[in-house]
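Subject: Handing over a structure, with notes

Dear colleague,

I am passing on the structure that we talked about, and below it I have set out what was found in it. Please read the notes with the structure open beside you.

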2 protein chains.
Amino acid sequence: MLYAGFMSAALPPFPQPQENVGPPELLQLGTGTDADEPCLRADAARNRARLLEAAERLVAEHGAGALTMEAVAAAACVGKGTVFRRFGDRTGLLAALLDHSERKFQAALLSGPPPLGPGAPPVERLRAFGCALLRRSIDELDLLLAGEPSAERRHTFPPRRFLRHHVALLLREAVPDADSELLSHTLMAYLDAALIHHLTQQCGLPAERVRAGWLDLVARVTRTDGPVPAADTPATAPSA
Amino acid sequence: MLYAGFMSAALPPFPQPQENVGPPELLQLGTGTDADEPCLRADAARNRARLLEAAERLVAEHGAGALTMEAVAAAACVGKGTVFRRFGDRTGLLAALLDHSERKFQAALLSGPPPLGPGAPPVERLRAFGCALLRRSIDELDLLLAGEPSAERRHTFPPRRFLRHHVALLLREAVPDADSELLSHTLMAYLDAALIHHLTQQCGLPAERVRAGWLDLVARVTRTDGPVPAADTPATAPSA
DNA sequence: ATCTCAAACGGACCGCGGTCCAGTTTCCTT
DNA sequence: AAGGAAACTGGACCGCGGTCCGTTTGAGAT
């Protein structure tokens with residue numbers, strides 16, 4: 001339960017759209033077990049499992065874009081209301097499907113081996129972070145794209161918040177003089193699923209170029225050495 | 001008709017979701033007149049005007065987020081089908097509402113006075129571009145947010161394509177050695193409406209800080225002088 | 001074993017975005 | 001002026017996300 005359990009706890013009566021409360025910065029490694037939900041009633045747990053299994057199957061069959069809540073409910077032999085009670089909304093269900101991959105990634109960041117996990121210098125960790133996230137995003141593009149929250153919620157979505165926060169921490173270390181909050185948004189934006197999809201699927205760019213773009217971006221943003229230009233200052237505008 | 005008329009032409013039978021075809025890079029200044037639609041039938045033009053007026057009023061009254069296609073149709077005394085025939089979908093209608101501001105902005109870029117328009121050095125134009133777009137985005141946040149296309153379409157949306165292309169051109173001039181296509185996506189992402197909304201409305205950052213963030217970002221990305229750090233190279237990782 | 005009640009269930013229900021198509025209007029042709 | 005086809009219209013219709021609420025069920029208390 002890395003980022004405070006995100007989409008797990010049982011919802012009160014029903015009204016609440018869930019949305020985890022609690023500071024996303026205060027994340028801790030839970031109990032160490034993979035205990036998913038705190039204390040779900042037996043039938044609830046059973047149905048949750050059924051639903052996830054059914055959803056996974058349907059996604060594999062018809063793609064995440066074609067997944068409908070009703071279909072999941074039907075495939076799991078469960079009422080529609082149950083799906084919403086458990087996962088809040090479509091976005092929540094898709095997020096739950098990504099949960100496993102999400103946790104693995106977070107664990108790698110927090111306690112994995114050095115280039116990605118702690119131990120390496122921050123710029124290097126940034127580079128590794130982007131490359132790893134890029135790979136993951138390409139793998140899970142379907143789910144990520146279909147599960148993207150609405151514009152208003154996008155940046156408060158816990159998984160994204162967590163990753164962004166991580167980047168901000170690294171940046172703060174790597175570039176102490178910068179506004180690391182704002183820069184972290186910029187870096188995260190480059191790794192946005194919709195952008196990755198556009199570049200690789202719609203424009204046909206090879207993943208390698210996108211990866212190179214990340215390394216270059218990190219170099220520029222942290223003002224470390226990249227490919228490094230010629231020798232003289234830029235073209236037209238020295239500007240002060 | 002700056003970017004090839006975008007959401008104007010009459011649609012064939014109906015099926016097409018419209019989506020302008022034609023290279024967005026080949027934009028030209030149309031006839032110079034403000035001729036909106038090429039050759040709309042009299043009743044169609046009348047209804048189009050009615051619909052836009054009604055939509056504008058409803059947005060002013062209840063906010064863009066609460067705008068429903070049915071309400072617009074009703075307020076304009078027109079059938080629902082007509083709204084969709086004219087504007088394709090909700091996104092199209094919102095885009096039409098933004099059209100005026102959009103054109104003004106594009107005109108300023110293409111033929112306005114120097115800091116923003118042609119004449120100034122590219123880095124300076126980039127700076128001006130961001131600041132101007134930032135202002136505009138804050139002004140029109142409601143519409144921009146509500147009108148944001150789905151993840152798959154976001155980056156092929158003509159207005160955005162146009163702006164991104166503009167940034168790419170400036171970058172190509174300012175930083176010839178860089179992958180200006182990829183970098184332009186990064187810069188545009190910083191100016192994304194959803195991000196602006198998050199930073200200013202949800203996090204409460206003052207617009208001035210966001211603006212400063214843009215200037216800093218441009219400096220880093222173009223490797224021109226920004227606030228400039230201490231004197232020694234970054235903290236931990238010189239890396240090659 | 002039973003009692004009790006919060007928790008969970010499920011499907012009817014709602015609203016909205018989007019589509020369809022039979023009927024109407026415009027405008028071009030002759 | 002008349003005719004005809006393309007363009008346009010409007011509202012019934014559909015599917016899906018999301019909500020409501022009367023009913024059922026699991027599990028601690030007695």
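Which element gives the most to the surface near DNA strand D? That is H3(B), which contributes 5 residues. Before the rest of the notes, please keep in mind that this is a predicted model.

**DNA strand D**

There are 24 residues around DNA strand D, and those that come nearest are A:Lys80, B:Arg41, B:Asn47, B:Gly79 and B:Arg85. Of the atoms of the strand that come within 4 Å of the protein, 61% are accounted for by sugar and phosphate. Three polar contacts can be followed here, beginning with A:Lys80, which has a side-chain N or O atom 2.5 Å from a base oxygen of DNA strand D. B:Gly79 uses a backbone N or O atom, which lies 2.9 Å from a phosphate oxygen of the strand, while in B:Arg85 an N or O atom of the side chain is 3.3 Å from a phosphate oxygen. At least two residues of this surface are supplied by each of H1 and H3 of chain A and H1 and H3 of chain B. Sorted by class, the surface near DNA strand D holds 9 nonpolar, 5 polar and 10 charged residues.

**DNA strand C**

Around DNA strand C there are 25 residues, of which A:Arg41, A:Asn47, B:Met69, B:Lys80 and B:Arg90 come nearest. Sugar or phosphate holds 63% of the strand's atoms within 4 Å of the protein, and the rest belong to bases. From chain A, the side chain of A:Thr82 places an N or O atom 3.2 Å from a phosphate oxygen of DNA strand C, and the side chain of A:Arg85 places one 3.3 Å from a phosphate oxygen of that strand. From chain B, a polar side-chain atom of B:Arg41 lies 3.0 Å from a base oxygen of DNA strand C. Two or more residues of the surface near this strand come from each of helix H1 (42-62) and helix H3 (80-87) of chain A, and from helix H1 (42-62) and helix H3 (80-87) of chain B. Here H3(A) gives the most, with 5 residues. By class, the surface near DNA strand C is made up of 10 nonpolar, 5 polar and 10 charged residues.

**The protein chains**

Chain A has 11 helices and 0 strands, and 51% of its 240 residues are buried. Among its contacts between residues at least 6 apart in sequence, 67% join residues that are at least 24 apart. The accessible surface of chain A comes to about 10,900 Å², and carbon and sulfur atoms hold 59% of that surface.

How are the two copies related? Chain A is superposed on chain B by a rotation of 180 degrees with 0.0 Å of shift along its axis, at an RMSD of 0.0 Å. The two copies are therefore related as by a two-fold rotation axis. Of the interface residues of chain A, 98% are also interface residues in chain B, so the copies meet through the same surface.

**An enclosed helix in chain B**

Helix H10 (residues 193-202) of chain B is largely enclosed by the rest of the structure, because 8 of its 10 residues are buried. Those buried residues are B:Ala193, B:Ala194, B:Leu195, B:Ile196, B:His197, B:His198, B:Leu199 and B:Thr200. They pack against helices of both chains, namely H7 (151-154) and H9 (180-190) of chain A, together with H5 (122-139), H6 (141-146), H9 (180-190) and H11 (207-222) of chain B. At the start of H10(B), a side-chain oxygen of B:Asp192 reaches to within 3.1 Å of the backbone nitrogen of B:Ala194. After the helix comes B:Gly204, with a positive phi near 75 degrees.

**Two backbone details**

Most residues other than glycine have a negative phi. A:Arg223, although not a glycine, has a positive phi of about 55 degrees; it is found in the segment after helix H11 (207-222) of chain A, and is partly exposed with a relative accessible area of 22%. B:Cys77 also has a positive phi, near 55 degrees. B:Cys77 sits in the loop between helix H2 (69-75) and H3 of chain B, and counts as exposed at 61% relative accessibility.

With best wishes

Conventions. Residues are numbered from 1 along each chain as its sequence is written. Chains are lettered from A and ligands numbered from 1 in the order in which they are written. This is a predicted model: local features need pLDDT of at least 70, side-chain atom pairs count only at pLDDT 80 or more; totals for chains, interfaces and linings use all residues. Side-chain values use heavy atoms; hydrogens and water are left out. Helices (H or I, at least four residues) and strands (E, at least two) are DSSP runs, numbered from the N terminus. Buried means under 20% relative accessible area, exposed over 50%, partly exposed in between (1.4 Å probe, protein chains only). Contact means heavy atoms within 4.5 Å. Accessible areas come from the Shrake-Rupley method with a 1.4 Å probe; for residues, only the protein chains shown count as cover. A polar contact is a pair of N or O atoms within 3.5 Å; within protein, one must be able to donate a hydrogen and the other to accept it, and residues adjacent in sequence count only if both atoms are side-chain atoms. A residue is near a molecule or strand if one of its heavy atoms lies within 4 Å of it. Ala, Val, Leu, Ile, Met, Phe, Trp, Tyr, Cys and Pro count as nonpolar, Asp, Glu, Lys and Arg as charged, and the others, Gly among them, as polar. Copies are superposed by least squares on the C-alpha atoms of residues with pLDDT of at least 70 in both.
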